[in-house]
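Student: Could you take me through one part of this model slowly? I would like a close look at a metal site and the helices around that part of the chain.

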Amino acid sequence: MHFRTLIATVASLLLAACQSGEVPAPNAPTPAVAPILTGADAADVHSYAKPLEARVTNVALDLAVDFNAKRVGGTATLDIQAKPGVKQIVLDDKGLEITAITTVEGKPLPHTVGAVDPILGAPLTIQMGDAKKIVVTYKSAPDSGALQWLTPQQTAGKKYPYLFSQGQAIENRSWIPTQDSPGIRQTWEAKITVPQPLTAVMSAPRVGEPQATGRSRQFAFRMDKPVAPYLIAIAVGDLAFRELGPRTGVWTEPAMLDKAAAELDDTEKMVAAAEKLYGPYQWGRYDMLVLPPSFPFGGMENPTLTFLTPTFLAGDKSLTSLIAHELAHSWSGNLATNATWADFWLNEGMTTYAERRIVEEVYGPKVAAQQVALGQDAMNKAIADNGGAAGDDTRLHIDLKGRHPDDGLTDIAYEKGAAFLRTIEAAVGRERFDEWLKGWFSRHKFAPVTTSIFLADIREHLIKGDAALEKKLALEEWVNEPGIPTNLAPADRQAFAEVDAAVAAFKAGTQPAPEVWKRWTTDEKLRFLTRIDKQQPKERLAALDRAYGLANAGNSEVRFAFLTLAVAARYDPAVPALEDFLLVQGRRKFVRPLITALAADKQWGRPIAARIYAKARPLYHPVTVRDLDKLGLGAPTTDQALTAK
Ligand SMILES: [Zn+2]
């Protein structure tokens, strides 16, 4: 689509979507109702909702958490805006057990659940008539794809059960009956009743003090800014809190609190660095929740409360770029949000770019340059893994029709996206690029965005008719074509000069001295382990492990990099450490590649994978299990899984 028609379309969409008929000024206060886009590329193939006819604007949950039944249940009261004459609304539903849908006065409303799609779930169509508010009484299913129920044994404290959710991309429809599309922003509130003495936290400010009744306590939350529904998140457990700074703090199990607080010491500095780059932090507090080890991701940018894997706790702050990443999502992802999962790069590429800018502010240019170089290695690997330079899935704007959004969860979105933005920055200069980026977040705050909106915005506010610059940037090639355009701003070749020399020396037979290894930063160690040949003789792996203690390294990224080499070399002595690593944490980034590589090695690795996965599966979150079950390792049935160790 060309620039001028697009701007006209966006303006008319805003008009159509705002009930008052006014286009909001870029710096107007947060609207309680965010616009719905109508462009063809804003249609979400992963939701049944028809938001241009009738849409949810606010969700009010009143739920009780039942650890015995592994269900949350109660009511969801939805505020609805409908086009004149429209009498029905379509929600997304995955396995919800619905007992009633009524008006707030209690009048039953007819509703039907359509055919179930294994990826999307089913459309829930409600005849609401003229009602502007409806009440859904329901329970989540015990196998809800968003919720993981941990036994006391699976927690650090070993005394109480634990529940946490992971909504992104399309899992929240398994515990919240709403329109589960990132383009349909909703304000929300919740009352959550949990057994004493557990604490509930959510991705919104708490309202008032918890109310105790008998053996339970009720917590209340309210998010008054419209957010994409995948950003509604909950955790319930034996949780303690510690202040880190005036507006930052950490929640975790009491046994983890000291360690987590020490590792997160730089958070307040990071918030200040991010604000300097991208404008005011819009969400009030920035707190973090360090979860039990089965959390499937590194982090999840749930507003006001980032969820984090405990695997970043290295003891030396060497993996805290993860915090910079999740924090950066407070702008890219949470303020300006991909309207559909086809434009996931707008969330992740921008965030990965911003993460390194924050790291540069807080830890200096050398550390940032090294992370850019590692990122470009990861990008090149993602190109190779996704069909090479001509592979369809190496486009930034990808086609996910008929597929799960997680198929787009690759380093194309993260690292090709970041490389694209870095290339623009290099072409126009940092100052000018930063001014545009700040403007982008201000113009699109609390709004859905698409690749075509991005292109139109960059043309209007950065290129401004400069034909030579337009040609130099190769925008269309970056977003719509596979592979990496030739104008890529390359990573600094000198960023890892010492390590790269050590890689060459290792090839010639010399291993870095232990004191050199000890002096290296985590990024330098990772560069070494990912740059030496993938197929190492067993005796060389043994020598590396002897000298540096890699198979049982306390730093999870270093350990993972070594275990990857061990699997490729069929290095038996590392198998106990590999098994331990796959059983003590369930971060998808680590467990998926290792188990997949084992499973692909029919003779040596597959039996090991089957044996370990049988034990590990009950420990992993449903989103991790969903992928790994596809390997056909003889996954146990749910009943077996529950009784396995
Ligand atoms: Zn991210």
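Tutor: Happily; we will start with the metal site, then turn to the helix contacts.

First, a word on the model: it is predicted, so local features need pLDDT of at least 70 and side-chain atom pairs count only at pLDDT 80 or more, while totals for chains, interfaces and linings use all residues. Residues are numbered from 1 along each chain as its sequence is written, and side-chain values use heavy atoms, with hydrogens and water left out.

The zinc ion is held by His-325 (NE2), His-329 (NE2) and two OE atoms of Glu-348, at 2.0 to 2.7 Å. Donors here are N, O and S atoms within 2.8 Å of the metal (3.2 Å for Na, K and Ca), and water is not among the atoms, so sites may look incomplete. Along the chain, the donors follow the spacing H-x3-H-x18-E. His-329 lies in the loop between H4 and strand E20 (336-338), whereas Glu-348 sits in helix H5 (residues 344-363), so this pair, 19 residues apart, links distant parts of the chain. Helices (H or I, at least four residues) and strands (E, at least two) are DSSP runs, numbered from the N terminus.

What geometry does the site of the zinc ion have, given its 4 donor atoms? It is irregular, with angles of 52 to 152°. Four donors would count as tetrahedral if all angles lay between 85 and 135 degrees; four count as square planar and six as octahedral if opposite donors are over 155 degrees apart and all others between 65 and 115; anything else is irregular.

Now for helix H4 (residues 321-328): its axis comes within 10 Å of that of helix H3 (residues 267-278), and the two cross at roughly 45°. Axes are lines fitted to C-alpha atoms, for helices over the stretch in contact, and angles run from 0 to 180 degrees between N-to-C directions. H3 and H4 are therefore oblique to each other; angles under 35 degrees count as roughly parallel, over 145 as roughly antiparallel, 65 to 115 as roughly perpendicular and the rest as oblique. On the H3 side, Thr-267, Met-270, Val-271 and Ala-274 meet Ile-323, Ala-324 and Leu-327 of H4, where contact means heavy atoms within 4.5 Å.

H3 has another partner: its axis and that of helix H8 (residues 430-443) come within 8 Å and cross at roughly 95°. That makes H3 roughly perpendicular to H8. Here Lys-276, Leu-277 and Tyr-278 of H3 meet Asp-434, Leu-437, Lys-438 and Phe-441 of H8.
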